[in-house]
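Biologist: I am new to this structure and would like a close look at a single part of it. Could you take me slowly through one helix and its surroundings, and then place that part within the rest of the chain?

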Amino acid sequence: MDEAIQAFVDYVAIERGLSQNTVAAYARDLSQFAHYATGKGINSPEGLSEEVLAGFLEELQKAGMSPSSISRKLSAIKTFCKFACREGLITKDFTSGIETTKSALRLPSVLSIEEVSELLAQPDWRDPSGCRDKAMLEVLYATGIRVSELLSLRISDVNTSVGFLKCFGKGSKERIVPLGKVAIEYLERYLSTGRPKFARSGSSEFLFLTNRGRKMSRVGFWKLIKKYAAQAGITKNITPHTIRHSFATHLLQGGADLRSIQEMLGHANIATTQVYTHISREKLKQAYKKFHPRA
């Protein structure tokens, strides 16, 4: 159980880029739930169930905990179970039908087009490592794929002559995503001059390799993005997901329809994609307040 919770904490801290306070709150709430479950003889995520969760929530109520605190703990458990199901730690998310108190919509952080350009300009593509980093960032922004999908790409998943890549998203669902000409240019350059420098005898067929010829980790890629963001002078908190959000927002602002964006992002439900319409509305409001004489 502890290993599963630690994997989740790493995920929300690194891939989702949540604040230290939020990550710490998740860790505390899940440790409390795990302690309760252990007391019931459950030592791994597979043993968790709706009944165990109901007992835990009932115990919190008996202890006099406020409804808002209970709702926060339930939200943490739901997020954890969603992650555990996606990672194959549990076979079914038993919390999917449980409602929590709805909170205000929190819009994802995005970069401006200028900030993305600055970020993508940082890697030195003449150096093998820089060539790889440049290709990774260009592919990420060109496709909007998840970082886990990016790092799992194999050479055979990319067709630069046609301009598409194949990736496997949540639930191992396959989708085809178009590649832009700039991403194709740097991807081909990496394949011809960068990757051969890292490939070793017996190296895997993963597209992006570390300097030691291995598949790059999420933490490793997150550190690269942080480094290049600092070099670009970007003060926003940037994670790989920030680039995915920026991809979708810039497409919507450019006139792309939600259905197309949904398809490229691999969202099962278009309601998930609709968050980007809220981002556009916020920008409209900001522009109105800034430029209208009677705003």
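Modeller: What follows is a walk through helix 6, its partners and the wider chain, taken from a predicted model.

It may help to begin with the frame into which this part fits. The protein chain holds 13 helices and three strands, and its C-alpha trace extends over about 65 × 65 × 35 Å along the principal axes. For 295 residues, a compact globule would be expected to have a radius of gyration near 19 Å, and the value of 21 Å for the protein chain agrees with that. Of these 295 residues, 45% count as buried. Among contacts between residues at least 6 apart in sequence, 57% join residues at least 24 apart.

Helix 6 covers residues 128-143, and it supplies six residues to the largest nonpolar core, which is the largest share of that core. The core itself has 49 residues, and those with the most contacts inside it are Leu 150, Leu 165, Leu 187, Tyr 190, Phe 208 and Phe 221. In soluble globular proteins, nonpolar side chains tend to be buried together.

A charged residue of the helix deserves a careful look, namely Arg 132, whose place is in helix 6. Is Arg 132 buried or exposed? Its relative accessibility is 5%, and since the limit for a buried residue is under 20%, Arg 132 counts as buried. If its neighbours within four places in sequence are left aside, Arg 132 is in contact with Tyr 190, Phe 198, Phe 208, Leu 209, Thr 210, Asn 211, Met 216 and Leu 224. Two of these partners, Tyr 190 and Phe 208, are also named among the residues with the most contacts inside the largest core. By way of contrast in position, the C-alpha atoms of Arg 132 and Gly 254 are separated by 28 Å, with their places 122 residues apart along the chain.

Seen from the other side, Tyr 190 has Cys 131, Arg 132 and Ala 135 among its contacts, neighbours within four places in sequence again being left aside. The remaining contacts of Tyr 190 are Arg 195, Pro 196, Phe 198, Leu 207, Phe 208 and Leu 209. Phe 198, Phe 208 and Leu 209 therefore appear in the list for Tyr 190 as well as in that for Arg 132, where a contact stands for heavy atoms within 4.5 Å.

Further along the helix there is a second kind of partner, since helix 6 packs against helix 10 (residues 240-253), with an angle of about 45° and axes 7 Å apart. That angle makes helix 6 oblique to helix 10. On the side of helix 6, the meeting residues are Leu 137, Leu 140, Tyr 141, Ala 142 and Thr 143, while helix 10 brings Pro 240, Ile 243, Ser 246, Phe 247 and His 250. Sorted by class, this contact has seven nonpolar and three polar residues, and no charged residues.

The stretch leading into helix 10 can be followed through Gly 233, which is found in the loop between helix 9 (218-231) and helix 10. Gly 233 has 53% relative accessibility and therefore counts as exposed. Although Gly 233 and Glu 115 are 118 residues apart in sequence, their C-alpha atoms are 9.0 Å apart in space.

To set helix 6 beside another packing arrangement, one can turn to helix 1 (residues 2-15) and helix 4 (residues 67-86), which pack at an angle of about 100° with their axes 10 Å apart. Helix 1 and helix 4 are therefore roughly perpendicular to each other. Ala 4, Ile 5, Ala 7, Phe 8 and Tyr 11 of helix 1 make this contact with Thr 79, Phe 80, Phe 83 and Arg 86 of helix 4. The residues of that contact divide into seven nonpolar, one polar and one charged.

Also in helix 1 is Ala 13, which counts as partly exposed because its relative accessibility is 28%. Leaving aside neighbours within four places in sequence, Ala 13 is in contact with Leu 18 and Val 23.

How values were computed
Residues are numbered from 1 along each chain as its sequence is written. This is a predicted model: local features need pLDDT of at least 70, side-chain atom pairs count only at pLDDT 80 or more; totals for chains, interfaces and linings use all residues. Side-chain values use heavy atoms; hydrogens and water are left out. A nonpolar core is a set of buried Ala, Val, Leu, Ile, Met, Phe, Trp, Tyr and Cys residues joined through side-chain atoms within 4.5 Å. Buried means under 20% relative accessible area, exposed over 50%, partly exposed in between (1.4 Å probe, protein chains only). Helices (H or I, at least four residues) and strands (E, at least two) are DSSP runs, numbered from the N terminus. Axes are lines fitted to C-alpha atoms, for helices over the stretch in contact, and angles run from 0 to 180 degrees between N-to-C directions. Angles under 35 degrees count as roughly parallel, over 145 as roughly antiparallel, 65 to 115 as roughly perpendicular and the rest as oblique. The radius of gyration is taken over C-alpha atoms; the globule rule is 2.2 Å times the number of residues to the power 0.38.
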